[in-house]
Amino acid sequence: MSSLLNQLHSLRAQAQQDIAQADSLEGLETLRVRYLGRKDGQLTKILQALPSLSPEEKKVLGREANEAKISLETALNEKKGAIEEKTLNAVLSAAAGQDLTLPESPLSVGRRHPLAQVMDDIVGCFLRLGFNLAEGPEVETDFNNFTALNHPPDHPARDSHDTFYVKNFRDGEGLPLLLRTHTSPVQIRHMQTHKPPLSIVAPGRVFRHEAVDATHSFVFHQVEGLAVDVDISVADLKGVLGLFARHVFGSNVEIRFRPAYFPFVEPGIEVDISCTLCEGKGCRVCKQTGWVEMLGAGMVNPNVFRAVGYDPDKVTGYAFGIGVERVAMFKYGVDDMRLFFENDVRFLRQVSR
Ligand SMILES: [Zn+2]
């Protein structure tokens, strides 16, 4: 019995000393478990001897053990309060001289890139008109990018595309694969796998081996459109592009068609929009003409229908290709395309919503 009491006294003294030396909340918790833990705590172990003691001895040891427990719990709580206060004081003194009541500085929130916004805007306009979204790969076959679009292998228009070829990779005909020079091959892929009537819009990146300057880049974005049915006419094309122009540039915008040559359409059309900067009076951007060249379009060439297995005597269609950078430059009044790629956040904040 006296040895149990001795153990209890030395446990209490040791615990008091340990608690006084603890310097962290984690350390205190370790001590609490070591001395007062319900299962393996040292006090619990001493109390396990109680059943073998006489009633008188139980009373003495029980009372002493209870006193020890209360005094250790008190010491733990006091030490905990002291450590917390010390931590808080350290934080406050680190912030000395600062006004903690000042409002915090505002968080800056990210936005969609202006080119992505313009592309979404264009695509969204056509989706609401009933077009479906179509996509294709950036690495294409010569057939899809050129031959099927009425650029046979010796066609001079191929030269104007300044194509990047993918070294050592060839298609089934042994022709080199290439980075698509326009989004038009998506038309071919879609027509090969779908029957008319169809109307699609295909946004994406295209690549040309061009030196970078204010109006050229080796990578840029297009949105391609295609509609095929039994009785599609130029009037349908004009109606759809007029809606597009007014959606993107404002309700007062007018469009005009000029004849142009693109191998995959016949007739080919260059589409101008009235200059919104000078309202048609003439300015530097529209070169005093009141009109700005905006996109290429036309009625699908019968050779393109033949290449995908459609009968050009039964179906007609129109196609158009919109340069996203060109639209963005005009919409935001920016005269250097490089600004969209350099990603200076001051510029991006200025033009994006
Ligand atoms: Zn103008």
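Helices α5 and α10 are roughly perpendicular to each other, and that is where I'd like to start, everyone. Please keep in mind that what we have here is a predicted model.

How do we get to that description? Helix α5 covers residues 114–128 and helix α10 covers residues 324–332; they pack at an angle of about 105°, and their axes are 9 Å apart. Angles of 65 to 115 degrees count as roughly perpendicular, so this pair earns the label.

Now, which residues do the touching? From α5 we have Pro-114, Leu-115, Val-118, Met-119 and Ile-122, and they meet Val-324, Glu-325, Val-327, Ala-328, Lys-331 and Tyr-332 of α10. Sorted by class, that contact contains 9 nonpolar residues, 2 charged ones and no polar ones.

Let's go on to the sheet. It is an open sheet of 7 strands, and if you walk across it the order is β1-β5-β6-β10-β9-β8-β7, with mixed pairing. Which strands stand at the edges? Those are β1, residues 132–133, and β7; each has a single partner strand, so one side of each is left without a neighbour in the sheet.

Our helix α5 comes back here, by the way. Helix α5 packs on this sheet and touches β1, β5, β6 and β10, and its direction makes about 5° with the direction of β6.

Let me take you through the pairs. Strand β5, residues 198–207, runs antiparallel to strand β6, residues 219–229, and 10 bridges hold that pairing. If you want a spot to click on, Arg-205 sits opposite His-221 in β6. Then β6 joins β10 through 8 bridges, again antiparallel, and there you can find Ala-227 facing Tyr-318 in β10.

On we go: β10 is also joined to β9, antiparallel, by 5 bridges, with Gly-296 opposite Gly-321 of β10. Strand β9, residues 291–300, pairs with β8 in the antiparallel sense over 8 bridges, and Ile-273 stands across from Val-292 in β9.

That brings us to β7 and β8. Strand β7 is residues 255–260, strand β8 is residues 265–274, and their antiparallel pairing has 6 bridges. The two form a hairpin, with 4 residues between them. Here Arg-258 is the residue opposite Glu-270 in β8.

Let me go back to β10 for a moment. Is β10 enclosed or open? Of its 8 residues, 7 are buried, so β10 is largely enclosed by the rest of the structure.

One of the elements packed against β10 is helix α7. The buried residues of α7, which spans 185–193, are Pro-185, Val-186, Gln-187, Ile-188, His-190 and Met-191. They pack against β2, α6, β5, β6 and β10.

Strand β2 belongs to a second sheet I should show you. This one is open too, with 3 strands in the order β2-β4-β3 and antiparallel pairing. Strands β2 and β3, the latter being residues 165–170, are at the edges and pair on one side only. Between β2 and β4, residues 176–179, there are 2 bridges, and one place to look is Val-139, whose bridge partner in β4 is Leu-179.

Now for the core. The largest nonpolar core has 53 residues, and those with the most contacts inside it are Leu-241, Ala-297, Ala-319 and Val-324. Which helix gives the most to this core? That is helix α8, residues 234–249, with 6 residues. Apart from this core lies another one, of 8 residues, including Ala-15, Ile-19, Leu-43 and Ala-65.

Let's zoom in on Ala-319. What does Ala-319 touch, once we set aside neighbours within four places in sequence? The contacts are Gln-187, Gly-225, Leu-226, Phe-264, Val-265, Ala-297, Gly-298 and Val-300. You have already met Gln-187, as one of the buried residues of α7.

Last stop: Arg-63, which is in helix α4, residues 55–94. Is Arg-63 buried or exposed? Twelve or fewer C-beta neighbours within 10 Å makes a residue exposed, and Arg-63 has 10, so exposed it is. How far is Arg-63 from Val-240? The two are 177 residues apart in sequence, and in space their C-alpha atoms are 95 Å apart.

That's my tour, so thanks for listening, and please do go and turn the model around yourselves.

Methods
Residues numbered from 1 in each chain as written. Predicted model: local features only at pLDDT ≥ 70, side-chain atom pairs only at ≥ 80, totals over all residues. Core = buried A, V, L, I, M, F, W, Y, C linked by C-beta atoms within 7 Å. Buried ≥ 20, exposed ≤ 12 C-beta atoms within 10 Å, placed from the backbone. Contact = placed C-beta atoms within 7 Å. Axes fitted to C-alpha atoms, helices over the stretch in contact; angles between N-to-C directions. Parallel < 35°, antiparallel > 145°, perpendicular 65-115°, else oblique. Nonpolar A, V, L, I, M, F, W, Y, C, P; charged D, E, K, R; others polar. Pairing = 2+ DSSP bridges.
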